[in-house]
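Please look over the sequence and the model shown here before reading on. The walk-through below follows the chain by its helices and loops.

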Amino acid sequence: MPVINVDDLTDKDKAVMEVNQLKIEVKLERWLTSKCCEEIKEYIQAGVEEDTLVKGISEEKNPFKEKGGCVIC
């Protein structure tokens, strides 16, 4: 897909691009926010046991564990 410099386009070209984008967006299926939030919540809760952000990384498996202290003289 070629890169388009919007500054080089005429107002008509910009309007045509915007209309084309709106035609694409109007076809998208919309969901209620309340339904989406419930589904996201269920997804997160289903994987909470394997989620390192929730339970953390064990000291043995942590690749970023400090190997030694830092001494500044």
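The paragraphs that follow go through the helices, the cysteines, the aromatic side chains and a surface patch. The coordinates are those of a predicted model, and each statement should be read with that in mind.

Begin with helix α1, which spans residues 11-26 and includes D13. The relative accessible area of D13 is 35%. D13 is therefore partly exposed, since that class runs between the limits of 20% for buried and 50% for exposed. A separation along the chain can be set beside one in space here: D13 and L32 are 19 residues apart in sequence, and their C-alpha atoms are 34 Å apart.

Next comes helix α2, made of residues 33-46, with I40 among its members. I40 also belongs to a nonpolar surface patch, where its partners are Y43 and I44. Together these three residues offer about 360 Å² of accessible area.

The cysteines C36 and C37 raise the matter of disulfides. How many disulfides does the structure hold? The number is 0. For C36, the nearest cysteine sulfur is that of C37, at 6.9 Å, and C36 is in no disulfide. The sulfur of C36 is in turn the nearest cysteine sulfur to C37, which is likewise in no disulfide. A disulfide needs the two sulfur atoms within 2.5 Å, so a distance of 6.9 Å does not qualify. As for exposure, C36 has a relative accessibility of 22% and so counts as partly exposed. C37 is also partly exposed, because its relative accessibility is 46%.

Aromatic side chains are the next topic. A pair of aromatic rings is described by the distance of the centres and the angle of the planes. In this model there is nothing to describe in that way, as searching the whole structure gives 0 aromatic pairs. What sits over the ring of W31? It is the charged end of K35, at 5.4 Å from the ring centre.

The last stop is the loop between α2 and α3, where D51 is found. Is D51 buried or exposed? D51 falls between those classes: with a relative accessibility of 25%, D51 counts as partly exposed. Between the C-alpha atoms of D51 and K67 there are 25 Å, for two residues that lie 16 residues apart along the chain.

How values were computed. Residues numbered from 1 in each chain as written. Predicted model: local features only at pLDDT ≥ 70, side-chain atom pairs only at ≥ 80, totals over all residues. Heavy atoms only, no water. Patch = residues over 30% accessible without salt bridge, like charges linked within 9 Å, V, L, I, M, F, W, Y side chains within 5 Å. Areas by Shrake-Rupley, 256 points an atom, 1.4 Å probe, with all protein chains shown as cover. Salt bridge = Lys/Arg side-chain N within 4 Å of Asp/Glu carboxyl O. Helix = DSSP H or I, 4+ residues; strand = E, 2+ residues; numbered from the N terminus. Buried < 20%, exposed > 50% of the residue type's maximum accessible area, 1.4 Å probe, protein only. Phe/Tyr/Trp six-rings, centres within 6.5 Å; stacked < 30°, edge-to-face > 60°. Lys NZ or Arg CZ within 6 Å of the ring centre and 35° of its normal.
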